[in-house]
Amino acid sequence: MEDRSNYWLRRKLSRRSTIRGAAITGVGAGAFALVGCGDDDDDDSSSNGNNQGLLPTVAASPTVAKQPKPGGAFSFQMPNIPNTLDPYTVTSFQTAYLNGLSYSKMLRFKAGTPDVAPADNTMEPDIAQKMPEQPDELTYVFKLKPNVKFHNGRQLTSEDIRYAYDRYLNYDKSVHKTGLSFIDKMEMPDPATFKITTKVPYADTTFYLGGNIGSWIGPKEHAESPEATTKMLGSGPFIHTSTEANVSMSFKKNPDYFDKPYPYFEEVKVFGVSDLAKRVADFASKQVNLTWLFLPEPRDQLLKQRPDAQKEETQGIGGYIYLRTDKPPFNDKRVRQAISMGINRKAIRDAITKGEGVPDQLYFVGYPFARQVKDLPQAKYWDYNVAEAKKLMAAAIGEGKTIDTTWSHADITAYGQEYLDTATLAQSQLKDIGLNITDNSQPYTTSYLKTTYQGDYEGMGHSPRAVAYWMDYVTERFTMKPKRGRINLSYVKDDKLEALMDKQRSQLKMEERLQTVRQIEELVAEEQYEIYFSTDTRTYFWDKDITNYRPTAWFPYTHIMKTWRDA
Amino acid sequence: MSQYIAKRALASLLVLFIISIIVFLAVRAIPGSVCTIVLQTNDVDKQQCDAINKELGIDKPVVTQYFVYMGNVLTGDFGKSLITKKDVWEEMRVRIPLTIELTLLATSFAVVLAIPIGIISAMRQDGAADYGLRFLTIGWLSIPSFWLGTLLIVFPAKWWHYSPPVGYVDIWEDPFKNIEQLYMPAFALGLALSASLARIMRSSMLEVLRQDYIRTARAKGLRDGLIVIRHAMRNALIPVVTLFGLQVGVLFGGTVVLESIFTLPGLGGLTLSAVRFKDYTQVQGLVLLFATVLVLINLVVDLSYAWIDPRIRYS
């Protein structure tokens with residue numbers, strides 16, 4: 001295996017560069033110290049908000065070396081302008097990006113400034129005044145900032161938070177019912193205080209409340225209006241002013257934004273550009289200030305065409321195969337192990353991403369705390385070893401026999417050519433170990449999202465996976481408990497794994513939780529419940545004079561409020 | 001003449017009627033349940049589906065549905081989009097000007113290029129210019145517009161760091177910026193048409209140039225330019241106009257891809273998006289609109305013959 005398995009860890013900022021970066025952080029940008037955090041490691045894992053299982057508290061702002069320059073306009077590209085913007089009824093990550101400009105959450109990622117590494121999942125208060133008080137393991141008390149107003153001028157109160165969470169949980173068209181299902185009780189002692197009681201001790205509470213989806217707070221009068229799908233109305237840093245269907249969206253600065261002095265830009269314009277060549281051309285011709293998610297090929301084009309631009313690689317997207325482990329032949333772990341060993345990940349990387357990316361992945365993608373595959377006892381299953389794979393297949397299904405199966409995946413419209421190419425190459429490679437695969441390419445919206453993506457498939461399925469910022473992500477992958485949404489696509493039924501997942505979820509001390517997570521990693525690696533491809537790299541580019549900006553793996557664009565143009 | 005116009009108009013209405021039936025039935029023949037599209041989930045029960053079917057009027061017999069739908073269409077009500085819930089006609093109306101502008105620009109490019117090329121090629125038959133221009137037009141015919149569009153985006157950006165202004169500005173707001181946003185897709189769209197037109201113009205001109213009246217004009221000592229412009233070109237235009245009418249439909253189809261590549265908010269982009277999201281009511285409205293435009297263009301082409309060639313009198 002290649003020695004790049006700690007790729008993302010190497011990209012996390014060192015302690016020294018963290019201090020350097022902090023020196024240009026804008027006025028008012030909150031910084032955190034972790035209570036009880038004594039980790040001085042240069043690896044900076046201490047910046048993880050989940051560390052030690054204790055909640056961060058607000059510390060002093062970092063030294064300010066550069067004076068922010070308010071004003072001006074900022075523009076960036078997205079692959080599409082979403083059809084609907086309602087945060088309650090959409091899981092689209094693209095909608096979430098835009099929600100981040102106009103809506104607020106209880107907490108938010110402390111992301112987007114030079115002192116925060118792209119994969120740092122530290123949370124900071126958003127609507128909340130500070131991180132919650134935790135009188136016991138089940139209770140979280142949030143004090144709200146006093147000056148939070150929706151864009152319609154109405155004061156936000158704790159009742160609005162209750163309404164939003166209740167709507168996510170109970171509205172019949174909500175697609176986020178599972179995310180907040182850990183909530184047992186919501187109380188509003190006064191308009192500025194919000195109290196949550198969880199059903200069980202739940203270590204990822206703050207990550208859900210500050211996460212990307214199913215957490216935006218929108219006022220009732222807007223959420224229940226017909227405009228909810230076409231207009232965003234929250235309390236965020238930018239007011240949504242107009243949408244040019246399929247082309248662009250415009251925002252202006254929210255003059256009453258509660259987190260002064262943000263935002264710095266007067267206007268933000270978002271262009272939906274589906275054509276990759278056009279995205280490259282528009283940035284090359286300096287017509288947009290930020291563009292992102294480029295694989296190595298277009299990245300290199302932009303490096304030549306815009307040598308002046310700032311850039312950063314962030315962790316990309318890792319594809320994975322899920323299988324019907326509840327039925328033969330994939331209920332035999334030897335078949336699954338053989339499939340993993342029958343895939344030549346390096347050849348796929350060479351063909352699609354110029355050989356770049358994280359070679360080997362488990363269910364985590366970019367977790368700062370995750371062990372790398374090469375450090376797992378089961379690392380051999382990621383080695384391309386056709387002879388060993390054939391032996392495993394023969395032992396499982398009999399010498400000389402083959403498996404006929406289907407491989408369902410989305411068409412090109414959602415995830416791009418590289419995703420399809422990965423499927424084509426892997427299917428061809430797996431033929432060598434006795435898998436005769438019928439490719440089933442499905443229209444993304446009308447078929448794939450409603451069938452394969454919901455677990456309605458036979459044989460094998462294939463989807464991309466973005467990074468996840470909460471450790472309990474593993475539960476979504478493998479729980480066999482009553483349906484909680486799009487989970488357990490491999491139909492895993494493993495009591496030992498279930499018990500470990502339950503255990504880690506309630507472990508509030510990080511070190512203890514990590515021990516459990518280590519056991520889960522090894523179990524999942526041994527069983528190969530899901531089979532993982534390499535993770536690619538995605539590069540952001542932004543103008544040279546855009547200051548106090550850094551990409552984040554967590555996407556939503558609230559953090560643009562911290563950026564200004566240093567012209 | 002008026003009888004001819006009336007006949008052609010009636011024939012056009014008949015064609016539109018047949019098209020409306022085909023479109024209406026084709027949309028209903030597509031497999032899948034409308035209520036899963038409306039609710040954007042497979043997890044729907046019969047009660048929900050019944051309510052949606054009733055709301056959309058698809059609980060009635062197909063014949064009734066058709067007449068209700070067409071009755072509404074005639075009053076300008078194309079229904080509501082299944083996905084965005086917006087008025088289908090309104091969604092189309094705001095995009096019509098852009099697509100018309102793009103198509104007009106593309107046809108302008110095509111005509112401006114094609115007519116001189118066809119004439120020069122015919123006048124220099126079998127000469128170097130003729131071979132060169134024929135080679136060029138065959139090349140243009142072979143280039144798919146979406147590929148040319150991509151090249152037009154990639155190379156100016158690579159060589160000169162230039163690409164058309166992002167977003168979209170209405171022509172009445174900023175005409176220069178608007179034209180700058182549209183000239184590339186229009187050129188990509190119009191080039192293949194110009195090649196077809198140039199080739200038909202050439203062969204038509206060759207035929208006309210061999211006519212006795214052209215020989216007579218030459219014998220009278222008229223200059224070549226005058227002969228071509230006054231006597232030959234107008235007569236040679238009839239097949240060109242016929243082809244032009246047919247090809248405008250192709251241009252409309254081409255906008256579907258090019259508007260997406262160049263991120264323009266026209267009918268083409270809307271069509272692509274409606275098809276992707278299985279927005280049947282929107283697709284139905286769009287196909288009807290495109291069909292109506294095509295039928296109207298063909299009607300105009302038929303009627304224009306009389307203007308181009310006064311000998312044609314539709315008695």
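Two residues are taken to be in contact if their C-beta atoms, placed from the backbone, lie within 7 Å. With that in mind, good morning, colleagues. The structure before you is a predicted model.

I begin with the interface. By the criterion just given, 27 residues of chain A are in contact with 27 residues of chain B. On the chain A side, strand 12 (267-272) and helix 7 (276-284) each supply at least two of the residues that touch chain B. Helix 7 of chain A provides the largest share, 6 residues. As for the chemical character of this side of chain A, it has 12 polar, 9 nonpolar and 6 charged residues.

Let me now turn to chain A as a whole. Its secondary structure comprises 16 helices and 20 strands. Of the 567 residues in chain A, 53% are buried. If we take the contacts in chain A between residues at least 6 apart in sequence, 73% of them join residues at least 24 apart.

Chain B is my next subject. Its domain assignment gives domain 1, residues 2-83, and domain 2, residues 96-265. The C-alpha centres of these two domains of chain B lie 37 Å apart.

One helix of chain B merits particular attention, namely helix 9, residues 175-209. What does helix 9 of chain B span between its end C-alpha atoms? The span is only 41 Å, whereas a straight helix of 35 residues would span 51 Å at 1.5 Å a residue. Within helix 9 of chain B there is a kink of about 35° at Leu182(B). The proline Pro185(B) follows shortly after that kink.

Thank you for your attention.

Note on methods: Residues are numbered from 1 along each chain as its sequence is written. Chains are lettered from A and ligands numbered from 1 in the order in which they are written. This is a predicted model: local features need pLDDT of at least 70, side-chain atom pairs count only at pLDDT 80 or more; totals for chains, interfaces and linings use all residues. Helices (H or I, at least four residues) and strands (E, at least two) are DSSP runs, numbered from the N terminus. The expected span of a helix is 1.5 Å times one less than its number of residues. The bend at a residue is the angle between axes fitted to the seven residues ending there and the seven starting there. A residue is buried if 20 or more other C-beta atoms lie within 10 Å of its own, exposed if 12 or fewer, and partly exposed in between; C-beta atoms are placed from the backbone. Domain bounds come from an automatic or database domain assignment. Ala, Val, Leu, Ile, Met, Phe, Trp, Tyr, Cys and Pro count as nonpolar, Asp, Glu, Lys and Arg as charged, and the others, Gly among them, as polar.
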